[in-house]
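Biologist: I've got a new one open on my screen and don't know where to start. Talk me through it, please.

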Amino acid sequence: MKIRTMRYFISESLQSFWRNSFMSIASIATVALSLFILGIFMTMVANLDYFVDNLESQVQISVYLKDDLTTDQVMSVGKRLKELPDVKEIQFTNKDQAMDALKERMKDQPGILAALDGKNPLPSSYEITFTNPEAVKKTAAIVANYPEVESSHYGQAIVEQLFKITTIIRWGGIALIIFLTLATLFIISNTIRLTVFARRKEIGIMKYVGATNWFIRWPFLLEGLLLGFIGGLIADFALFQFYEFVTVAIHESLAFLPLVSIYPFMYQTGGILLVISMIIGAIGSTISLKRYMKV
């Protein structure tokens, strides 16, 4: 494409933008609002996924050892546990440490401790955390067969339900984002169609004098990109302010709730939304032009 032709296309798209300023503002507002709503859902899905990752990272197996094991036997179990696949970390707790922890938890209920009559019924144990939470069930089955192990526990019912819920959240979030993106494309293309409709006579004249489809299409395509870009910038700014307000409010009232940090998350989300807004603007212009490009 020649530079002079490209300058003409850019000039035409800018002139059209200013000539149809009311429709341009309406299109930008539609893009900004649609992308802002999409951005809110994207941040919600990202935070749900982050929350799920935190829950999964806390899934662990408690391996309770038999009494009267020698030090070598206890260390042998620890060595074998470390060699298992997907094991991130193991932590050993002996009988005395387990009793101290119980006393700390039950310090407001001395009657329960008194009933033990100075005895320590608690076993030594290993706590295993994983790089891949899905490995919990398989590892628990392997560990249960160790001769030194009395039992292993990982809250089977709760963990399996957790994995089901996390799968639903992740796939549901992806489906929701896709649906909102398509809905945004539909809204924006129909808004831009009004701009194209206002210039249908101009398009007809250009077709009549022999202009090619792409010669007619380029200014509208660039205009759609411009509308999408401006709308995307506005949506990014509004989303950043909204997310900053929400994170500050939640950290002040629910400090324990894990949230994705603003940086670099909002830069990444803003960049994605900006690209989406420009693509949608260009596609919306193309879709809107289609019926007027027919001879």
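Modeller: Let's start with some vocabulary: a residue is buried under 20% relative accessible area, exposed over 50%, and partly exposed in between (1.4 Å probe, protein chains only). This is a predicted model, where local features need pLDDT of at least 70 and side-chain atom pairs need 80 or more, while totals for chains, interfaces and linings use all residues. Residues are numbered from 1 along each chain as its sequence is written, and side-chain values use heavy atoms, leaving out hydrogens and water.

Biologist: OK, so is I174 buried, exposed or partly exposed?

Modeller: I174 is partly exposed, because its relative accessibility is 43%. You'll find I174 in helix α7, residues 156-198. Helices (H or I, at least four residues) and strands (E, at least two) are DSSP runs, numbered from the N terminus.

Biologist: Which residues make the nonpolar surface patch with I174?

Modeller: W171, I178 and L182 join I174 there, and the patch covers about 460 Å². To count, patch residues need over 30% relative accessible area and no salt bridge, with nonpolar side chains (Val, Leu, Ile, Met, Phe, Trp, Tyr) joined within 5 Å and like charges within 9 Å. The areas come from the Shrake-Rupley method with a 1.4 Å probe, and only the protein chains shown count as cover for residues.

Biologist: And T184, is that one buried or exposed?

Modeller: T184 is also in helix α7, but at 4% relative accessibility T184 counts as buried. T184 and L33 are 151 residues apart in sequence, yet 9.3 Å apart in space, C-alpha to C-alpha.

Biologist: How far apart in space are K107 and S125?

Modeller: Their C-alphas are 22 Å apart, with the two positions 18 residues apart in sequence. K107 sits in the loop between α4 (95-105) and α5 (110-115), and K107 counts as exposed because its relative accessibility is 54%.

Biologist: New topic. How many salt bridges are there in the whole structure?

Modeller: The search finds two. A salt bridge here is a side-chain nitrogen of Lys or Arg within 4 Å of a carboxyl oxygen of Asp or Glu. One of them joins K95 and D67, at 3.6 Å from N to O. That pair links distant parts of the chain, 28 residues apart: K95 is in helix α4, and D67 is in the loop between β1 and α3. K95 is partly exposed at 26%, and D67 is partly exposed at 47%.

Biologist: Which residue does E148 pair with?

Modeller: E148 pairs with R80, and their closest N and O atoms are 2.7 Å apart. This pair also links distant parts of the chain, 68 residues apart: E148 is in the loop between α6 (136-143) and β4 (149-153), while R80 is in helix α3. E148 is buried, since its relative accessible area is 11%, whereas R80 is partly exposed at 25%.

Biologist: Anything odd in the backbone?

Modeller: Most residues other than glycine have a negative phi, and most peptide bonds are trans. D68, though, has a positive phi near 65°. D68 lies in the loop between β1 (60-65) and α3 (71-82), and D68 is exposed at 79%. D86 has a positive phi too, near 70°. D86 is in the loop between α3 and β2 (87-93) and counts as partly exposed at 33%.

Biologist: Where's the cis peptide bond?

Modeller: The cis bond joins Y263 and P264, with omega at about 0°. P264 is in helix α10, residues 262-289.
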